[in-house]
Amino acid sequence: MNANRRRGEIAAELDGKPFRLCLTLGALAELEAAYAAADLGELVERFSRGRLSATDLIRVVGAGLRGAGHPVEDEAVRTMQAEDGAAGFARIVAELLTATFGAAPKEGPPPGP
């Protein structure tokens with residue numbers, strides 16, 4: 001399954017089947033509501049901490065699937081399997097967030113003149 005990275009899409013395999021995921025504005029609004037985030041900046045801040053719960057992984061994957069047009073509820077995502085289990089879900093979420101928001105800024109001092 002082809003994914004268009006310029007549109008924020010990624011390809012992932014769940015339950016042995018290929019899927020396209022995308023965090024559209026609607027999917028992002030869904031996540032804002034789920035986390036009671038005031039805006040996208042607050043949502044990005046939450047995800048950039050690098051400490052995601054299993055519930056976070058389920059919500060983000062579910063929103064990404066729905067954003068790409070798959071009629072999948074979070075309850076169904078809870079029972080899906082990814083290669084490498086939870087670590088595979090974490091990789092899918094990291095790739096999806098990077099495709100949506102870009103690479104996370106690197107820690108450390110700002111570049112010199």
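This report covers the fold, the hairpin, one aromatic pair and the salt bridges of a predicted model.

**Overall layout**

The chain holds 5 helices and 2 strands. Read from the N terminus, the order is β-β-α-α-α-α-α. The strands thus come before the helices in the chain. Of the 113 residues, 34% are buried. The chain exposes about 7000 Å². Carbon and sulfur atoms account for 52% of that area. Contacts were also sorted by separation in sequence. Among those between residues at least 6 apart, 53% link residues at least 24 apart.

**The hairpin**

Strand 1 covers residues 9-14, and strand 2 covers residues 17-22. The two run antiparallel and pair over 6 bridges. Glu 9 has Cys 22 of strand 2 as its bridge partner. Strand 1 and strand 2 make a hairpin, with 2 residues between them. Asp 15 sits in that turn and has a positive phi of about 55°.

**The aromatic pair**

A search of the whole structure returns 1 aromatic pair. The pair is Tyr 35 with Phe 47, and their ring centres are 5.6 Å apart. What makes the pair edge-to-face? The ring planes stand at 90°, and planes over 60 degrees apart count as edge-to-face, so the pair qualifies.

Tyr 35 belongs to helix 1 (residues 25-35), while Phe 47 belongs to helix 2 (residues 40-48). The pair therefore ties together parts that are 12 residues apart in sequence. Are Tyr 35 and Phe 47 buried or exposed? Both are buried. Tyr 35 has a further partner: the charged end of Arg 59 sits over its ring, 4.9 Å from the centre. Tyr 35 is thus in the aromatic pair with Phe 47 and also under the charge of Arg 59.

**Salt bridges**

The structure contains 9 salt bridges. Three of them are listed here, with the distance between N and O atoms.

| Residue | Partner | N to O distance |
|---|---|---|
| Glu 95 | Arg 5 | 2.9 Å |
| Arg 7 | Glu 9 | 2.7 Å |
| Arg 91 | Asp 84 | 2.5 Å |

Take the bridge between Glu 95 and Arg 5. Glu 95 lies in helix 5 (residues 85-101), and Arg 5 lies in the segment before strand 1. The pair therefore ties together parts that are 90 residues apart in sequence. Glu 95 is partly exposed, at 33% relative accessibility. Arg 5 is partly exposed too, at 42%.

The bridge between Arg 7 and Glu 9 has its two ends in contrasting settings. Arg 7 is exposed, with a relative accessible area of 55%. Glu 9 is buried, with a value of 6%. Which residues join Arg 7 in a network? Glu 9 and Arg 20 do, through salt bridges that share partners. Glu 9 therefore has two roles in this account: a salt bridge with Arg 7, and a strand bridge with Cys 22.

In the third bridge of the table, Arg 91 meets Asp 84. Arg 91 is partly exposed, with a relative accessible area of 45%.

**In brief**

The hairpin of strand 1 and strand 2 is followed by 5 helices. An edge-to-face pair joins helix 1 to helix 2. A salt bridge joins helix 5 to the segment before strand 1.

Technical notes: Residues numbered from 1 in each chain as written. Predicted model: local features only at pLDDT ≥ 70, side-chain atom pairs only at ≥ 80, totals over all residues. Heavy atoms only, no water. Pairing = 2+ DSSP bridges. Helix = DSSP H or I, 4+ residues; strand = E, 2+ residues; numbered from the N terminus. Phe/Tyr/Trp six-rings, centres within 6.5 Å; stacked < 30°, edge-to-face > 60°. Buried < 20%, exposed > 50% of the residue type's maximum accessible area, 1.4 Å probe, protein only. Lys NZ or Arg CZ within 6 Å of the ring centre and 35° of its normal. Salt bridge = Lys/Arg side-chain N within 4 Å of Asp/Glu carboxyl O. Contact = heavy atoms within 4.5 Å. Areas by Shrake-Rupley, 256 points an atom, 1.4 Å probe, with all protein chains shown as cover.
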